[in-house]
Amino acid sequence: MTNSLRPSRGCGRSRASSWLLLALLAPAAAFATLGEDGATVDRDLARMKAQRNVTRTSAYSVHELQLPGGTQVREYLTPANQVFAIGWSGPGIPDLQQLLGTYFPRYRAAAQARSVSSRAPLVVQQPDLVIRSAGHPRAFSGVAYLPLQMPAGVRAEEIR
Amino acid sequence: MSPASRRIRLALLAAAAWVVASCGGSSSSASSSTSATACTNQPGLITSFPTTATTNAVPLVIDGGPIVGGAPVGSVNQSYVTITVCVPGTTNCQVIDHVWVDTGSYGLRLMPSVLTLSLPASPAATGGNVIGDCVQFVASYMWGAVRVADVKIGGETAPSLPLQVVGDPSVPATAPSGCSAGMPQITGVSGSNGLLANGLLGVGNFRQDCGPFCAPVTGSANPAFYYTCTSAGSCSPTTMPLNQQIQNPVGVFTSSDNNGVVMQIPSIPPQGQANVSGWLVFGIDTQTNNQLGSALVFLTDGSGFINTNTTYGSTTNTQSYIDSGSNGLFFNDPSLTACPASGSTPANGFFCATAMLSATMTAQANTPPMHTYGFCVQNFNTLSGAFNAFNDLAGPSSPNTFDWGLPFFYGRSVYTALEQTTIGGNSGPFVAASTP
């Protein structure tokens, strides 16, 4: 996925056709990125009601998206609209470069530090970043969250 | 083993995975011990199987992997069989050893440095285009083209089997970003980008690598699976009819041994073992050597997760699975210390703790069939670099996930039944295992 296909930020015209295009070519492009502002997600999601489900608690909101191909992505936003956690599950792994943004290099470093043949879950456990990714073909799941940006009272177990 | 190859091997181990010794435990759950006392095997594990080589049974080995440059590549807890690949309808064939048996994936994938045959392209490739195929793992992927071969394993034949030729020159060398997702690519047999196998034999619960998720009508173009690539080297995600997707060869066998597989691997000592010989048996309840008998059946869902869970301590893991392609047992227990990162080197993904534990596989919450399986976790740093097989290699996982990897297979018959089958009154997909 290319940056040029990133969300429809600044792409206000021809909504239906541009969303169709995005859905076909870049399904993960509709997402905000870990640690960044989630405002664009709200705007994007409003245009694809059939594929979203938003739930709210007093501490955060969860935007659940169904990707073409069966994978689900859940984004957790603070009341201040910052993405503090992401979860995924499904037959394929979503584009984590897009979803993890500036945190992605640390995930990739962990992947490169071990044998590529390993089916072991990939675990990144750092003071400011936790990533856990597991599964096998047709059955992947994982979470990524920012411990220092978690709203008060939210437990890591709530992220899925 | 030469000092040089041993160093390589230890590096691989440190980078990849593993543990020593063994297990025991039984009974209740999640009790851990800080003692370094060696574990003992759980009583009742199977020490040898009466199986002999026949039409539906082929030898399976856990050893150091294929020989590259005069030495084994140095795998741990990877189980292998030998297969024969032929140009469809001909006797132009090639024997390929050390193909990794994987109940966690679907279909045959062959490494480019090994395959010498010229196999025909997928019939789905039309108008000068090529069908590109992607398979993602947790933190790596393989990319190649779909081709077709007659595949023979023991006395079983899967004719005109769509399979993946990894790194096939007919597709661009660089995978589309929706496939790679920025992860390292598996490109060869050995070394840091190696599969540590000459191929991957996916014999899990499903008949296709993607199935309805990628098929027309029931699914859609999924960037994690199929692509149409033009001769100019441009690839776009595409749907793929079920019968043209990469096929689990078991479901295509012309014999009646086509409803699943049984892996029979004898128990090993707690301290590990250099090599282990077992059996890969095709079919379930189709011959005397693959009877379900008193094995406990755990139905699985559309993802291959045990329906419904594995209970470990107070944790109900809703995403649990039995996977011969995982070389350890992976689950969450905050009381077990994960091996720490060292300097700029990230953690290796294993426990640096020793414990005797158990977990309960349950088909439905707290209702039969359910069974508590004992196992042991050994401190990664105490493992012997001289061995390739360990029944107590373990590490942390993702929330709600319990991965019963190859350590679980030692001393048990483990059954993997295909979807759309009925065996002994059980509807596939399911997994089953002997007790204890």
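Two strands count as paired when DSSP finds at least two bridges between them. Keep that in mind while we walk through this predicted model.

Q: Which residue of strand 8 of chain B stands opposite Cys86(B)?
A: Start with the two strands: strand 4 and strand 8 (residues 140-153) of chain B share three bridges, and the cut-off is at least two, so they count as paired. Their pairing is antiparallel. Within strand 8 of chain B, the residue facing Cys86(B) is Asp150(B).

Q: And which residue of strand 5 of chain B stands opposite Cys86(B)?
A: Strand 4 of chain B also runs antiparallel to strand 5 (residues 93-102) of chain B, with six bridges joining them. In strand 5 of chain B, the residue across from Cys86(B) is Cys93(B).

Q: Which residue takes a positive phi in the hairpin of strand 4 and strand 5 of chain B?
A: This hairpin has six residues between its strands. One of its residues has a positive phi near 75°, and that residue is Gly89(B).

Q: Which residue in strand 4 of chain B does Val61(B) stand opposite?
A: Strand 1 (residues 57-62) of chain B is joined to strand 4 of chain B by two bridges, and the two run antiparallel. Look across from Val61(B) and you land on Tyr80(B).

Q: Why is strand 4 of chain B largely enclosed by the rest of the structure?
A: Buried means under 20% relative accessible area, so that's the bar each residue has to meet. Strand 4 of chain B covers residues 79-86, and the number of its eight residues that are buried is six.

Q: Over in chain A, which strands stand at the edges of the sheet?
A: The sheet is open, has seven strands with antiparallel pairing, and follows the order 1-2-3-4-7-6-5. Each edge strand has a single partner, so one side of it is left without a neighbour in the sheet. The edge strands are strand 1 (52-56) and strand 5 (122-126) of chain A.

Q: What is the bridge partner of Ser133(A) in strand 7 of chain A?
A: Strand 6 (residues 129-136) and strand 7 (residues 139-145) of chain A run antiparallel, with seven bridges joining them. In strand 7 of chain A, the partner of Ser133(A) is Gly142(A).

Q: At about what angle does helix 4 of chain A run to strand 5 of chain A?
A: Helix 4 of chain A spans residues 104-112 and lies across strand 5 and strand 6 of chain A. Its angle to strand 5 of chain A is about 125°.

Terms used. Residues numbered from 1 in each chain as written. Chains lettered and ligands numbered in written order. Predicted model: local features only at pLDDT ≥ 70, side-chain atom pairs only at ≥ 80, totals over all residues. Heavy atoms only, no water. Buried < 20%, exposed > 50% of the residue type's maximum accessible area, 1.4 Å probe, protein only. Helix = DSSP H or I, 4+ residues; strand = E, 2+ residues; numbered from the N terminus. Contact = heavy atoms within 4.5 Å. Axes fitted to C-alpha atoms, helices over the stretch in contact; angles between N-to-C directions.
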